[in-house]
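Work through the exercises below with the coordinates open. Try each task before reading its solution.

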Amino acid sequence: MAGTPGRPVFLLLLCAAGQVSPYSAHWKPTWPAYRLPVVLPQSTFNLAKPDFGAEAKLAVSSSCGPQCHKGTPLPTYEEAKQYLSYETLYANGSRTETQVGIYVLRSGEGQSSGKSRRKRQIYGYDSRFSIFGKDFLLNYPFSTSVKLSTGCTGTLVAEKHVLTAAHCIHDGKTYVKGTQKLRVGFLKPKLKDGGRGANDSRSALPEKMKFQWIRVKRTHVPKGWIKGNANDIGMDYDYALLELKKPHKRKFMKIGVSPPAKQLPGGRIHFSGYDNDRPGNLVYRFCDVQDETYDLLYQQCDAQPGASGSGVYVRMWKRQQQKWERKIIGIFSGHQWVDVNGSPQDFNVAVRITPLKYAQICYWIKGNYLDCREG
């Protein structure tokens, strides 16, 4: 979308920005109500400082596809506690591990619940749209997409919190280079000579934008991502939360529990990221979900390295508040080659926010499980 968008593309962007509703008044895809568990810290202890020696990976690959995942049993209660325990890295380089308990609230009481290939992430015609102009870039939902100094994308999910992929800051063994001084970049209009801002409408050229950076105070990574604790699948826990040193003062997008694919509006997901092949551009895309497991969504949204960590979202009707609402239901992780009936097929993969992951991430944000009862 190098120039002025055509009418179909323009309408798509208006729908994405919430100015047009594609649904009739007679039927609305509605956010489901979930009975959510509680994930609470049980004990925290100090760890040695990491060496920050890993190279940043802007994409993750796995050969375990949908059938491989579906054939793997869900974790037991003890395994789930182990996977949802987490590491916290602070700006001074110190590190802790927190072990958690998992509970289900019943009547006010807490009870326990029980082959190397070239990566091809563009599918046929490249269906991505570069978002130009502050009228889109600085407005919701595109304004919730931010860039990590390690090269990935993240999404604003609270006043001081950014959701991203774990592999953007940790390779499964140690933290990547630059994580100790991790920063998050926000696109801002670039002032022109003489101090005149990007509001100057006399120029027909796209407005120049720049990144304004905020340092990260601490990061949380689930132990399920860290090798030696996770199963062989790995991508199930490819998510991390970053806490900024100061509020970003932008509208953010709440997280939500991922509904089944058949309940998604049109069976479709959306996300925006900073793909490396379009430097400095925010790139928006949408596509149908092809398959799903309990923890992953398989789709063929066009994407390139750099888009990893993007928040995958949908817009559905919130019955209680009688309004449309977007929520982040997953985190774009990477790429998979899958053997389907003896024929290789490739997918891009997003990590679903399950009820347990929602409870964990929400607690990281809120610090109080009573604020995490609605997914």
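Contact here means heavy atoms within 4.5 Å. The model is predicted: local features need pLDDT of at least 70, side-chain atom pairs count only at pLDDT 80 or more, and totals for chains, interfaces and linings use all residues. Residues are numbered from 1 along each chain as its sequence is written, and side-chain values use heavy atoms, with hydrogens and water left out.

**Exercise 1. Place Lys-147 and list its contacts beyond four places in sequence.**

Solution. Start with the secondary structure. Helices (H or I, at least four residues) and strands (E, at least two) are DSSP runs, numbered from the N terminus. Lys-147 lies in strand S7. Next, take the contacts. Leaving aside neighbours within four places, Lys-147 touches Cys-152, Arg-183, Val-184, Gly-185, Phe-211, Trp-213 and Tyr-274. Then check one long-range partner. Tyr-274 is 127 residues from Lys-147 along the chain, yet their C-alpha atoms are separated by 6.8 Å. Last, accessibility. Buried means under 20% relative accessible area, exposed over 50%, partly exposed in between (1.4 Å probe, protein chains only). Lys-147 has 18%, so Lys-147 counts as buried.

Two of these contacts also meet each other: Arg-183 lies over the face of Trp-213, at 4.6 Å from the ring centre. The criterion is NZ of Lys or CZ of Arg within 6 Å of the ring centre and within 35 degrees of the ring normal.

**Exercise 2. Find the disulfides and state where each one sits.**

Solution. Apply the cut-off: a pair of cysteine sulfur atoms within 2.5 Å. The count comes to 3 disulfides. Take them in chain order.

- Cys-152 and Cys-168 have sulfur atoms 2.2 Å apart. The angle about the S-S bond is -90°, and the link is left-handed. Cys-152 is in the loop between strands S7 and S8, Cys-168 in the loop between strands S9 and S10, 16 residues apart. Cys-152 is buried because its relative accessibility is 0%. Cys-168, at 1%, is buried too.
- Cys-287 and Cys-301 have sulfur atoms 2.0 Å apart. This link is left-handed, with -100° about the S-S bond. Cys-287 is in strand S14, and Cys-301 is in the loop between strands S15 and S16, 14 residues apart. Both cysteines, Cys-287 and Cys-301, are buried.
- Cys-362 and Cys-372 have sulfur atoms 2.1 Å apart. Their link is left-handed at -90°. It joins helix H5 (residues 355–366), which holds Cys-362, to the segment after H5, which holds Cys-372, 10 residues apart. Cys-362 has a relative accessible area of 4% and is buried. Cys-372, at 3%, is buried as well.

**Exercise 3. Which residues have the most contacts inside the largest nonpolar core?**

Solution. Build the set first: buried Ala, Val, Leu, Ile, Met, Phe, Trp, Tyr and Cys residues joined through side-chain atoms within 4.5 Å. The largest core has 67 residues, and Leu-163 and Ile-255 have the most contacts inside it. Helix H5 gives the largest share of this core, 6 residues. Now inspect Leu-163. Beyond four places in sequence, its contacts include Ile-255, Ala-240, Leu-241, Ile-328, Ile-331, Ile-353 and Ile-361. Another core lies apart from the largest one; it has 17 residues, among them Leu-264, Ile-269, Met-316 and Ile-329.

**Exercise 4. Decide which face of helix H3 is buried, using its buried residues.**

Solution. List the buried residues of H3 (residues 77–84): Tyr-77, Ala-80, Tyr-83 and Leu-84. Look down the axis of H3: these residues fall within an arc of 125°, so they line one face of the helix. The arc is that of the directions from the helix axis to the C-beta atoms. An α-helix has 3.6 residues a turn, so residues three or four places apart point the same way.

**Exercise 5. How many aromatic pairs does the structure hold?**

Solution. Rings of Phe, Tyr and Trp (its six-membered ring) pair if their centres lie within 6.5 Å; planes under 30 degrees apart are stacked, over 60 edge-to-face, the rest tilted. The structure holds 11 aromatic pairs. One of them is Phe-142 with Tyr-284, edge-to-face at 5.6 Å centre to centre and 80° between the planes. Phe-142 is in the loop between helix H4 and S7, Tyr-284 in strand S14, 142 residues apart. Both Phe-142 and Tyr-284 are buried. Trp-317 and Trp-324 have centres 5.4 Å apart and planes at 75°, so this pair is edge-to-face. The charged end of Lys-28 sits over the ring of Trp-317, 4.6 Å from its centre.
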